[in-house]
Amino acid sequence: MLETPHMILVFFIYGLSFFVLGLAVLIYPKKNSLFDLASHVNLVAWFGIIHGVNEWLDMSILIHEPVNTYATQVIRAIVLPGSFILLVLFGVRTIVESKPKYASLKLLPAALTLIWAVATLISSHRFLIGDITARYFLCIPGTILTSCALGLHLPQLRKTGLKSVIANVKCMMVIFVAYGFLAGVVVPKASFPPASFLNYDSVLATLGFPVQILRAICATLLAYSMLRAFLTLLLFGAV
């Protein structure tokens, strides 16, 4: 396990990468944009900003341990699932807008949020179960849906003839799925499967370093790919 100062740095970079991603999406000019996702892409922006804040909350908890961090944990218990819900909404709205035959997907955000809320409220370990169920029921579908939504936009992007933009969007699609595994499948240890055998401790024992490092790498690559795609579109006037 990395020393605490090193983990603090990991969480700082992790949060900063998502915050930069969110800010980049938020300030990207969307009026008359060839980027058809612009109508819903602010959901990804707020995901990045809020999820970045979540990682800084984790950093704050690490800094202040063993002092009582209850208030910070309460805030984090809301911020973490809230960030993932935004990804679910982005994926669903984009897919339904592009493929109306999947209109029933509109029920998914509310259904998944309800499952998370009920599982959390009935548990005697609300912080732990809230974290795990947010990852299982919101992060995994949210990242997969977001990847699919980005994929639906590829035909429109091909019309720009900007191969680098297409390559970066494809990269983002892969990274979102990878992040969905690292942040959604690998969870804190619990007494039930798969959390009982696929968790932070098991990854640390196998790889020799915490999964948060891989998550931070994903966040950095996502921010880099997003910035490259947007800058290319702006530079070549294909906003």
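# Briefing: helices, a nonpolar patch and a cis peptide bond

Helix α4 covers residues 108-121, 14 residues that reach 20 Å from the first C-alpha to the last, close to the 20 Å expected at 1.5 Å a residue. Seen down the axis of α4, the buried residues fall within an arc of 110°, so they line one face of the helix. Please keep in mind that this is a predicted model. Beyond α4, the points below visit a nonpolar patch on the surface, several residues in other helices, and a cis peptide bond between two prolines.

**Helix α4 and its two sides**

- Which residues of α4 are buried? They are Pro109, Leu112, Trp116, Ala119 and Thr120.
- These buried residues of α4 pack against two other helices, α3 (70-98) and α5 (126-152).
- Ala110, Leu114 and Leu121 sit on the other side of α4, where they are exposed.

**The nonpolar surface patch**

- Leu9, Phe12, Ile13, Leu16, Val20, Leu227, Leu231, Leu234, Leu235 and Phe236 make up a nonpolar patch on the surface, and together they have about 920 Å² of accessible area.
- Two elements give two or more residues each to this patch: α1 (4-27) and α9 (211-235).
- Which element gives the most to the patch? That is α1, with 5 residues.
- Ile13, one of the patch residues, lies in α1.
- Ile13 has a relative accessible area of 37%; this value lies between the 20% limit for buried and the 50% limit for exposed, so Ile13 counts as partly exposed.

**Ser17, also in α1**

- Ser17 lies in helix α1 as well, but is Ser17 buried or exposed? It is buried: the relative accessible area of Ser17 is 9%, and buried means under 20%.
- Leaving aside neighbours within four places in sequence, Ser17 is in contact with Ala219, Thr220 and Ala223.
- Helix α9 spans residues 211-235, so the numbering places these three contacts of Ser17 in α9.

**Helix α2: Asn54 and Ile63**

- Helix α2 runs over residues 42-64 and includes Ile63; Asn54 lies in α2 too.
- Asn54 is buried, with a relative accessible area of 0%.
- Which residues does Asn54 touch, not counting those up to four places away in sequence? They are Arg76, Val79 and Leu80.
- Ile63 has a relative accessible area of 44% and is partly exposed.
- Along the chain, Ile63 and Thr4 are 59 residues apart, while their C-alpha atoms are 8.0 Å apart in space.

**Helix α7 and the loop that follows**

- Ala178 belongs to helix α7, which covers residues 163-184.
- With 31% relative accessibility, Ala178 counts as partly exposed.
- How far apart are the C-alpha atoms of Ala178 and Tyr28, what is the separation in space? They are separated by 25 Å, and the two residues are 150 residues apart along the chain.
- Pro194 has its place in the loop between α7 and α8 (200-207).
- The peptide bond from Pro193 to Pro194 is cis, with omega near 0°.
- For context, most peptide bonds are trans.

Terms used:
Residues numbered from 1 in each chain as written. Predicted model: local features only at pLDDT ≥ 70, side-chain atom pairs only at ≥ 80, totals over all residues. Heavy atoms only, no water. Patch = residues over 30% accessible without salt bridge, like charges linked within 9 Å, V, L, I, M, F, W, Y side chains within 5 Å. Areas by Shrake-Rupley, 256 points an atom, 1.4 Å probe, with all protein chains shown as cover. Salt bridge = Lys/Arg side-chain N within 4 Å of Asp/Glu carboxyl O. Helix = DSSP H or I, 4+ residues; strand = E, 2+ residues; numbered from the N terminus. Buried < 20%, exposed > 50% of the residue type's maximum accessible area, 1.4 Å probe, protein only. Expected span 1.5 Å × (residues − 1). Arc of directions from axis to C-beta. Contact = heavy atoms within 4.5 Å.
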